[in-house]
Structure formats: structure tokens, C-alpha cells
Amino acid sequence: MLLFCAAYLLPGLFGRDPWKNADITAFGAMSSIAEGRSPWLHPTLGGLGLEGGVLPYWLGAGFIRLLSPWLDPAIAARLPFALLLALTLTLVWYTTCHLARTEAAQPVPFAFGGEALSIDYSRAMADGALLALIASLGLLQLGHETTPELAQLFSVSLFLWALASAPYRHWRSRIATVVALAAMADSGAPAMAMALGVGGAVICAMSSYDAARRLLPWLVAATAAAIVVGYLSGGWALRMGLRADFRQPLEIARLLLWFCWPSWPLALLTLWRWRRHLNHRHISVPLVSVLIAMVASIGMGGSDRALMLALPGLAVLASFALPTLKRSTASAVDWFSVVFFTVAALAVWVIYSSLITGFPAKPAANVIKLAPGFAPAFSAAMLVVAVAGTLAWVALVRWRTARNQHALWKSLLIPAGGVALCWLLAMTLMLPLLDYARSYRPLVARVQAHIPGGSCLIGPSLSRSQIAALEVFGRYEVDAVGTSASGMCRHSVVQGALAEPPGPEWKLLARVNRPTDRKEVLSLFRRP
């Protein structure tokens, strides 16, 4: 299981740039803090303030300062967030293990004995929850970014662990409660921290465990602390995204269907099986976090980053459906996953073969058409890793389909393995192409062909991700709050293919776009 988690965590950690949009924005702020171009208490990009708390930016900036100059800043900033993802997986495992130990969650004893030991059953359920989280499609890219939402995900997982472990880990659960809600508030989600605190207080007040009820004062104090931290960090902001459009409910429903797969059908099955006992801890604890995250996502117009915070709770709920899962249902999930992920892996191998060897020719021609200027590169090390991952997938499918007795979490092994395989192939065979398509480096290279790197730029219409890219890849000094009539900058960058000059003295130098996105165009101007 540890090797399985490593195969999921490590790909994508090295060998790539920060990608557009949120990834490069967060890294740009961290780099700006680490280099002294931005204050620690109020991080900025081009003079523009950033929304939310400062804790995630401090993490990235601190690791950049600590590991510089021995490690590339992008990798140094990515390390603490990879650690947060690893801790999230660990906390989900322990949360499920504690909840499965409760009397209501334990299976009915056999008349003549022979049932599984309580600890063995709890560990098997925890393995299922861990596999359900890894298999979640929504966590695949967002969980490997360097963004504040990953700190929020860790905070939710820590809060779930605090509630689940309250009857067994008295002081640790109390400290974890305060840390989790304060960290969430300082990561840009104080409203969710407050909602989680209220929901947790209700659960503890209704609990039959004395130790859980004794957690109630700590929850109240932690919620109050989260409110104060959110106010001091400037994180209180209403970010509603609902609009009067009949298509938006369909978009939200589509997001829920694929983003939370395969946890959501199993979670629904758990809720149906326990529909008359929703107050039991192994149901109520994860359910509260899921409902809060889903309400936040819907209220924000279908925000995938808010919905990501529901994944730990969904994974815990999904694990409690495994003991009652019918063999026909488990087989259907297995064969669907085998076919889907095998076809996806074959598609990656065909595209890779076309790019490197030229056979077949059609996929490479399509790639060059969509990504003009891309030059394929061969890496023997990446090829070896991809081959090893593919062989491991074949062995995994063979083991699962063999006629022998499997563990309780067998139904989630193939979906989780398929997700890990596709991520591994994408971060090895397809990494140069994805990096070319998702990085701002090619766009900044086109800007540098007309404006020397390190120059001063005026760019009030630029997005924060574009500002970060210009500062990180081009070392430009971007002024996003100034106007064309102010400052000493001789160059201006305006977003849009039809952008007008900032003033009569400004002359057009060029219009450049990202090679893989003709709609993202920057107009470059210069004045005497």
C-alpha cells in the first residue's frame, strides 16, 4: 500500500513547470515572497493583492528559501504540498480506522465465532477508504498542484480525524481540531471552517461517547479562532457563482458525476443501507463534511476546487459500502475500470509511439497541429518507469481477475490502480507535451523575442497567472496597478488580440499568443 501511494504521489513532482492558472499564480506569489519582492504578511503579484489567507504561500516561500540554491524553486515549492497530499491520504486511513472501530460500525458476530477481529476489520475498511480517495478523478490534477486548496484539503482531513479519534486520542484530537480550523481559515476558507466547526459541535453534542462530548468546548473555541484568523487574513469574501442560466444545473450535475467517481455511488449505497441510523458516528462525521463542501461548490457555481474538499468524506463513506457490496456490482465496477483504463493507457502509448518513432503517423500530425512548435524528446528513464507501471497494471488486473479469495477492498483496487497508471503515463510519456501545452514558458519566450527579459512592464489588464508567468519565466518587473501615464516603464503588455495602444505615444511591437491557445493573445507596446 505504501508503494501504491508513492506511485500516485511522486509522478509530476519533478521535471515540469508550474501550470496555468492557479498553479503558476500560487507559485508566483511564493517566489515573490522568497525573493523579497513581496511582503510576507500581504503577498502581491505585480502590486495586486491575493485573495485568501497567507499560510499556503508561506509554506511554499519557506521551502524555496530553505532549499535554495540546491533545488529548483518550482520543485522546492511543490515539496510541502506533496507532503500535504501524503498526510491527507494518511489521515483518511486513520479516520476510517477509528470510525470502523465503533460498535455500530462493526459487523454482527457469527453465532459460532470465526468473524474477523475488530482491528483487522477496521484496517481493511481504512484500506478501502484510501483506495477510494486515490481513485477519485477530481483529486488527480488538483491534488498535485501547488495551490491553497491543497492546504484546505489537508485541513478537512485533519478535522475529520479529530472528530473520529476523539473517543481514543483525547488531547491529540483537541489540538488537531484547533489546528485544522485555524489552518483552513488561514488558507482562504474561513466560512467553511466555521461551518465545519458548527457541524462538528452538533455531532459531538449528540454523541454517546463522553470523550467526544468533552471535545465540544474545544470545537467552539476553534470555530471562534477560525473566525478571527479569517478576519485578520482578509479571507472573508462572498464568492457566489450562481447565475440565472438553465444550463448551470446541468454543468454542476455533470461535475458531480465525474469529479467524485467512483466514491459517490458507493457513498449513496452506504447512506441507503444506514438510512435509519444516520446519527451513528461512522456516517455523521464524514457526511457533515461532504454536505458542507457540496453546498459551497454549488453556491460558487460549480467550483471544482470547493468540491475537492468533499472527497475525503466521500471516500470514508464509500468504504462502509464495501461489506454489503454484491458480487455482481463489484464485478461490473472491475470490468468497467479494466476496459476504460486499459484503453486510456493504450491511447497514451500509441500517441507516444507516434511522436517518437513516427508510427502511426496520424496521432503525431494531430499533436503538431494542436501544439505548433512542440519538439518531441526521448527520455530512457521515463520510458523505463512507464514500462514498469504498465507491467504492474497487467499484474494487478491478472491478480484481481484470478479465482482466489481477495480482501474486502478488492472492488476499489482496479479503479485506484487505473488512475495511478494513467497519471504515471501522463507524467512520464506525455510530460513534455503536457508541459508545453499547460506552461506559460512558450508564451513568455515569444514576449522575450520583442522585449528583453528583466524589463519593466505595465500590465493593468493582465490576469494574475499571466503576471506570475512574466515574473517567473521572464524575470520582468510587472506593474499591474499603474497606468500608461505613470511610472518609468517603457513597455506595456495588454491582453487581447484587438487591444488598442495605452496612449498616443505607444507603438505596437507585436501580438503574441500561447502556441496551444490562439485566444490568449498579448499585445506588446513600447514608447520612446
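**Ser492 and its surroundings**

I began with the side chain of Ser492, and found that one of its polar atoms lies 3.3 Å from the backbone oxygen of Ile458. I note at the outset that this is a predicted model, and I read every distance below with that in mind. Ser492 is found in strand S5, and I count it as buried because its relative accessible area is 2%, under the 20% cut-off. Leaving aside neighbours within four places in sequence, I listed what Ser492 is in contact with, and the list runs to Ile458, Pro502, Trp506, Ser523, Leu524 and Phe525. Ile458 therefore turns up both in the contact list of Ser492 and as the owner of the backbone oxygen 3.3 Å from the polar side-chain atom. I also looked up how Ser492 stands relative to Ser354, and the two are 138 residues apart in sequence and 41 Å apart in space, C-alpha to C-alpha.

**Cysteines**

I then asked how many disulfides a search of the whole structure would find. The search finds one, and it joins Cys456 to Cys489, with the sulfurs 1.7 Å apart. The pair links distant parts of the chain, 33 residues apart, with Cys456 in strand S3 (residues 456-458) and Cys489 in the loop between strand S4 (477-479) and strand S5 (491-495). I checked the two partners separately: Cys456 is partly exposed because its relative accessibility is 27%, whereas Cys489, at 4%, counts as buried.

Cys97 is in no disulfide, and the nearest cysteine sulfur, that of Cys5, is 15 Å away; since a disulfide needs the two sulfur atoms within 2.5 Å, I see why Cys97 was not paired. Cys97 is buried, at a relative accessible area of 8%. Cys260 is likewise in no disulfide, the nearest cysteine sulfur being that of Cys422 at 19 Å, and Cys260 counts as buried at 1% relative accessibility.

**Helix H17**

I wanted to know whether the ends of helix H17 lie at the distance expected or not. For its 31 residues, 327-357, a rise of 1.5 Å a residue gives a span of 45 Å, and the end C-alpha atoms are 44 Å apart, so the two values agree. I went on to note which residues of H17 are buried, and these are Ala330, Asp334, Ser337, Val338, Phe341, Ala345, Val348, Tyr352, Ser354 and Leu355. What covers the buried residues of H17 includes helix H18 (361-370), helix H19 (380-401), helix H20 (410-426) and helix H21 (431-438). After H17 comes Gly358, whose phi is positive, near 85°.

**Aromatic rings around Phe341**

The structure holds ten aromatic pairs. One of them is that of Phe340 and Phe341, which is edge-to-face, with 5.1 Å from centre to centre and 85° between the planes. Phe340 counts as partly exposed, at 45% relative accessibility, while Phe341 counts as buried, at 8%. Phe341 also pairs with Trp393: the ring centres are 6.4 Å apart and the planes stand at 75°, and because an angle over 60 degrees counts as edge-to-face, I enter this pair as edge-to-face too. The pair links distant parts of the chain, Phe341 in helix H17 and Trp393 in helix H19, 52 residues apart, and both Phe341 and Trp393 are buried. I further noted that Trp261, Trp264, Phe336, Phe340, Phe341 and Trp393 form one aromatic cluster.

**Arginines over tryptophan rings**

I looked up two places where an arginine sits over a ring. The charged end of Arg16 sits over the ring of Trp19, at 4.6 Å from its centre, and Arg174 lies over the face of Trp171, at 4.7 Å from the ring centre.

**Ser289**

My last entry concerns Ser289, which is found in helix H14 (residues 281-299). Is Ser289 buried or exposed? Its relative accessible area is 3%, so Ser289 is buried. A polar atom of the Ser289 side chain lies 2.8 Å from the backbone oxygen of Pro286. Not counting residues up to four places away in sequence, Ser289 touches Val156, Leu160, Leu196 and Gly313.

Notes:
Residues numbered from 1 in each chain as written. Predicted model: local features only at pLDDT ≥ 70, side-chain atom pairs only at ≥ 80, totals over all residues. Heavy atoms only, no water. Helix = DSSP H or I, 4+ residues; strand = E, 2+ residues; numbered from the N terminus. Expected span 1.5 Å × (residues − 1). Buried < 20%, exposed > 50% of the residue type's maximum accessible area, 1.4 Å probe, protein only. Contact = heavy atoms within 4.5 Å. Polar contact = N/O pair within 3.5 Å; in protein donor to acceptor, adjacent residues only side chain to side chain. Phe/Tyr/Trp six-rings, centres within 6.5 Å; stacked < 30°, edge-to-face > 60°. Lys NZ or Arg CZ within 6 Å of the ring centre and 35° of its normal.
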